[in-house]
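Student: I have a structure to study and I would like to quiz myself on it. Can we go through it with short questions?

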Amino acid sequence: MTISTRYTVDHFLGYGRRYSIDYCFPITSNAACTPKTSIAQGRVEEVSLAAGVELFISDLDVLRPYQSFSKGNTDLLIVVMLEGCAHFDIDGQKRWITAGEACWLRLDTGLTLSAFHPANQRLRTLCLSLDAPAVQAWYGSYISSTSPHVWQLSPGLQLTIDEACCASSSDESQRMRFQGLALQIIAQGLDCRSPYTADSGALYRQRLALIRRWLDEEPSFDHTLQRLADRAAMSPSTLMRHFKMAYGLAPIDYLRKRRLSLARELLLSGHSVQQAAHLSGYRHASNFITAFKKNYGISPGALTESSLERS
């Protein structure tokens with residue numbers, strides 16, 4: 001999200017048609033809105049994380065107040081308020097949602113959500129929605145209650161969200177980062193809920209698979225156990241225990257094996273020892289050579305020479 005855009009009444013109505021939301025724009029200073037009236041200035045990003053899982057991120061300077069009325073059906077909707085505030089009316093339950101809070105609810109024909117957004121504020125929000133099949137896939141069970149709840153985000157999760165929203169990377173890397181972020185938000189929402197039930201084992205498996213995929217696809221990244229645990233929304237000790245049970249190795253040992261496997265592929269494809277070390281995530285070639293020889297019983301240089309001789 002790097003380009004600031006002017007969002008008019010037309011823009012908001014367009015989003016409304018796509019997401020089944022009605023918008024209204026109160027008259028201010030005796031001036032009514034036209035389709036080209038500016039409502040906000042800033043940035044909006046929409047990311048499809050998986051089938052039925054959508055992420056909507058906004059960072060807006062609100063120029064005129066507006067109100068939204070959600071009409072669609074969403075099996076799970078989580079609204080995270082990163083900065084600013086909005087007044088929520090959820091089926092007659094009214095309260096302000098302020099910075100650092102998140103709201104969890106399920107929308108259907110029996111539950112309505114309206115939100116009033118005051119002007120003259122910076123409004124940074126993150127909305128995560130899952131349809132019924134996605135809820136089943138991510139949880140392994142169906143959410144049985146429609147009762148909403150609001151909780152306070154942990155400082156660590158707030159920092160993680162801010163970093164993810166500001167990071168610039170490839171589309172695939174960004175999507176993976178947001179997948180991990182979504183799981184952390186859901187996990188914290190589950191911990192803070194009272195009326196909901198879910199299969200925690202299925203959620204753990206989903207988080208572990210995400211960490212394994214991250215290690216497989218980005219072995220050269222500067223992974224640490226704490227960073228992996230934060231992304232999995234687990235403590236380091238919990239991640240180590242469950243990851244080893246699932247895959248036979250602790251996360252860092254799994255990463256070491258993945259890096260050495262990648263380095264071997266690079267060496268056999270003609271890369272130098274220094275290049276293979278760097279591209280597989282080793283900062284020092286000497287450490288790489290020692291680890292490679294210990295794992296494969298042959299030095300990287302000897303493997304390269306043997307490969308050249310065969311060719």
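Student: Is aspartate 222 buried, exposed or partly exposed?

Tutor: This is a predicted model, and the value is computed from it. The relative accessibility of aspartate 222 is 43%. Buried would need under 20%, and exposed would need over 50%. So the class of aspartate 222 is partly exposed.

Student: With which residue does aspartate 222 form a salt bridge?

Tutor: The rule asks for a side-chain nitrogen of Lys or Arg within 4 Å of a carboxyl oxygen of Asp or Glu. For aspartate 222, the closest N and O atoms of the pair are 3.2 Å apart. The partner is arginine 283.

Student: How many residues apart in sequence are the parts that this pair ties together?

Tutor: Aspartate 222 lies in the loop between helix H5 (200-217) and H6. Arginine 283 lies in the loop between helix H9 (273-279) and helix H10 (285-296). The pair therefore ties together parts whose separation in sequence is 61 residues.

Student: Is arginine 283 buried or exposed?

Tutor: Its relative accessible area is 67%. The cut-off for exposed is over 50%. So arginine 283 is exposed.

Student: Which residues do salt bridges with shared partners join into one network?

Tutor: Take one bridge of the network, between arginine 124 and aspartate 162, with N and O 3.0 Å apart. It links strand S11 (residues 121-130) to helix H3, 38 residues apart. Through shared partners, the network holds Arg43, Asp59, Glu83, Arg122, Arg124 and Asp162.

Student: Arginine 124 or aspartate 162: which one counts as buried?

Tutor: Aspartate 162 has 26% relative accessibility, so it counts as partly exposed. Arginine 124 has 14%. Buried means under 20%. The buried one is therefore arginine 124.

Student: How many salt bridges does the count come to?

Tutor: Another salt bridge joins the side chains of arginine 95 and glutamate 101, at 2.9 Å from N to O. Arginine 95 is partly exposed at 35%, whereas glutamate 101 is buried at 11%. The count of salt bridges comes to 11.

Student: Now the rings. Is the pair of tyrosine 19 and phenylalanine 56 stacked, tilted or edge-to-face?

Tutor: A search of the whole structure finds 15 aromatic pairs. In the pair of tyrosine 19 and phenylalanine 56, the centres are 5.8 Å apart and the planes meet at 75°. Over 60 degrees counts as edge-to-face. So the pair is edge-to-face.

Student: Where do these two rings lie?

Tutor: The pair ties together parts that are 37 residues apart in sequence. Tyrosine 19 lies in helix H1 (residues 9-19). Phenylalanine 56 lies in strand S4 (residues 53-62).

Student: What volume does the largest pocket have?

Tutor: Its lining has 43 residues, with Tyr19 and Phe56 among those nearest its centre. By class, the lining has 24 nonpolar, 13 polar and six charged residues. The volume is about 880 Å³.

Student: Which helix gives the largest share of the lining of the second largest pocket?

Tutor: The second largest pocket has a volume of about 590 Å³, and 26 residues line it. Helix H3 (155-166), helix H4 (171-192) and helix H6 (225-232) each give two or more residues to the lining. The largest share, nine residues, comes from H4.

Notes
Residues are numbered from 1 along each chain as its sequence is written. This is a predicted model: local features need pLDDT of at least 70, side-chain atom pairs count only at pLDDT 80 or more; totals for chains, interfaces and linings use all residues. Side-chain values use heavy atoms; hydrogens and water are left out. Rings of Phe, Tyr and Trp (its six-membered ring) pair if their centres lie within 6.5 Å; planes under 30 degrees apart count as stacked, over 60 as edge-to-face and the rest as tilted. Helices (H or I, at least four residues) and strands (E, at least two) are DSSP runs, numbered from the N terminus. On a 1 Å grid over the protein atoms alone, a cavity is a set of points where a 1.4 Å probe fits but cannot get out, and a pocket is an open set with protein on both sides within 12 Å along at least five of seven lines; lining residues have an atom within 4 Å of a point. Grid points are joined across faces, edges and corners, and a volume is the space filled by probe spheres set on the points. Ala, Val, Leu, Ile, Met, Phe, Trp, Tyr, Cys and Pro count as nonpolar, Asp, Glu, Lys and Arg as charged, and the others, Gly among them, as polar. Buried means under 20% relative accessible area, exposed over 50%, partly exposed in between (1.4 Å probe, protein chains only).
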